[in-house]
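Biologist: Could you walk me through this one slowly, please? I'm still learning how to read these pictures.

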Amino acid sequence: MSSTGDHTLAVEGLTKRYGDTVALDGVDLTVEEGEFVAVVGPSGCGKSTLLRVLSGLEEHFEGRAAVDGVDVRDGGSDAVGMVFQEPRLLAWADVRENVAVGLPSGVDRGDAAARDRVDDLIETVGLDGFAGSRPSELSGGMAQRVSLARGLAYRPEVLLLDEPFSALDQLTKYEQQDNLLEVWAEQGTTIALVTHDVEEAAYLADRVVVLGGQPGTVETVVDVDAPRPRDRTDPELLAARDAITDALGL
Ligand SMILES: Nc1ncnc2c1ncn2[C@@H]1O[C@H](COP(=O)(O)OP(=O)(O)OP(=O)(O)O)[C@@H](O)[C@H]1O
């Protein structure tokens with residue numbers, strides 16, 4: 001993938017209503033090219049809604065949302081990839097086919113390089129040996145990793161991730177977080193990641209946006225200054241976690 005856009009995310013005065021429910025209320029957020037931003041907040045504060053607006057899935061909202069320099073209402077940019085909270089796999093297709101769906105259009109899926117790319121991704125997410133399995137044969141955590149591999153297959157320049165590791169056990173979660181950091185470092189991807197996990201947010205992100213309450217507004221933004229590659233026990237990470245936890249009122 002390569003786009004002519006600026007690989008940024010920009011939201012200004014974003015208000016999103018569902019009937020009488022105000023999901024987001026006047027949210028401003030900018031993510032610079034190559035930056036990794038995490039969004040945390042209590043259940044129902046509008047985190048998924050924010051990603052849905054950015055990915056062009058919501059038509060009706062107030063304010064402005066642009067991805068890769070393109071207003072989402074103008075069709076958005078094809079440099080954007082999204083990994084949804086639920087894996088949304090094709091039930092009739094095996095793991096290999098589900099991952100291949102994520103390859104950019106125009107790529108011949110039968111091509112040797114494309115097959116290698118898919119196999120590499122399956123290995124990266126720790127599912128070698130399951131390439132021929134159907135979604136019904138996978139655990140929730142395995143299905144979530146297929147979904148992540150599908151999102152990465154596209155090599156998006158801007159990646160929107162909605163709780164991509166929520167169904168994983170702790171060890172697998174750590175492995176997948178580190179894999180994502182490798183992809184991010186190699187490809188210079190701009191990432192916005194929604195998570196409930198404060199430790200995950202602090203470990204992965206350059207900045208953590210804390211959304212508060214219902215409706216969702218930006219409560220505070222915590223800069224995570226710990227050097228990379230990060231050590232999970234770095235005192236700066238622990239301090240960032242405390243700042244996020246305080247902002248969440250936990
Ligand atoms: N399609 C919809 N129709 C009606 N209300 C909706 C819809 N989608 C979201 N909402 C409401 O908007 C608010 C924000 O929802 P959203 O899913 O964005 O929150 P969230 O922070 O991602 O929650 P969670 O952490 O539980 O996933 C909630 O009150 C929710 O009930």
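Biologist: Which residue in S8 is the bridge partner of valine 158?

Modeller: In this predicted model, valine 158 has threonine 190 as its bridge partner in S8. That bridge belongs to the pairing between strand S7, residues 158-162, and strand S8, residues 190-194, which run in the parallel sense and are joined over 5 bridges.

Biologist: And what holds strands together in general?

Modeller: The strands of a sheet pair through hydrogen bonds of the backbone, and they can do so in a parallel or an antiparallel way.

Biologist: OK, what is the order of strands in the sheet with S7 and S8?

Modeller: That sheet is open and has 6 strands, which follow the order S6-S7-S8-S3-S9-S10, and its pairing is mixed. Strand S6 (80-83) and strand S10 (217-223) are at the edges, and because each has a single partner strand, one side of each is left without a neighbour in the sheet. If direction is ignored, neighbouring strands here are turned against each other by 15 degrees on average.

Biologist: Which helix lies across S6 and S7?

Modeller: That is helix H4, residues 140-153, and with respect to S6 the helix runs at about 180 degrees.

Biologist: Now the other sheet: how many strands does it have, and is the pairing parallel or antiparallel?

Modeller: It is an open sheet of 4 strands with antiparallel pairing, in the order S2-S1-S4-S5. S2 and strand S5 (70-71) are its edge strands, since each of them pairs on one side only. Strand S1, which covers residues 9-18, is joined to S2 by 7 bridges, and these two strands run antiparallel. One of the residue pairs you can look for is alanine 10 with threonine 30, its bridge partner in S2.

Biologist: Switching topic, which residues are around the ligand?

Modeller: The residues around the ligand are Tyr18, Thr21, Ala23, Gly41, Ser43, Gly44, Cys45, Gly46, Lys47, Ser48, Thr49 and Gln214. Two elements, strand S2 (21-31) and helix H1 (47-54), each give two or more residues to this shell, and H1 provides the largest share with 3 residues.

Biologist: What's the mix by class in that shell?

Modeller: Sorted by class, the shell around the ligand holds 3 nonpolar, 8 polar and 1 charged residues.

Biologist: Gln214 was in that list; what kind of peptide bond joins glutamine 214 and proline 215?

Modeller: They are joined by a cis peptide bond, with omega at about 10 degrees, and proline 215 sits in the loop between strand S9 (207-212) and S10. A cis bond also joins arginine 228 and proline 229, where omega is about -5 degrees, and proline 229 is in the loop between S10 and helix H7 (235-247). For context, most peptide bonds are trans, and most residues other than glycine have a negative phi.

Biologist: Then where is histidine 7, and what is its phi near?

Modeller: Histidine 7 lies in the segment before S1, and its phi is near 60 degrees, which is a positive value in a residue other than glycine.

Biologist: Zooming out, how many helices and strands does the chain have?

Modeller: The chain has 7 helices and 10 strands. Its radius of gyration is 18 Å, close to the 18 Å that the globule rule gives for 250 residues, so the chain is as compact as a globular protein of that length. Along the principal axes, the C-alpha atoms fill a box of roughly 45 × 45 × 35 Å.

Biologist: And what feature does UniProt place at residues 9-238?

Modeller: The unreviewed UniProt entry gives "domain: ABC transporter" for residues 9-238. Over that range the chain is 30% helix and 27% strand, with the end C-alpha atoms 27 Å apart.

Terms used. Residues numbered from 1 in each chain as written. Predicted model: local features only at pLDDT ≥ 70, side-chain atom pairs only at ≥ 80, totals over all residues. Near = placed C-beta within 6 Å. Nonpolar A, V, L, I, M, F, W, Y, C, P; charged D, E, K, R; others polar. Pairing = 2+ DSSP bridges. UniProt positions renumbered as here; feature names shortened; annotations may be inferred. Axes fitted to C-alpha atoms, helices over the stretch in contact; angles between N-to-C directions. Contact = placed C-beta atoms within 7 Å. Rg over C-alpha atoms; globule rule 2.2 N^0.38 Å.
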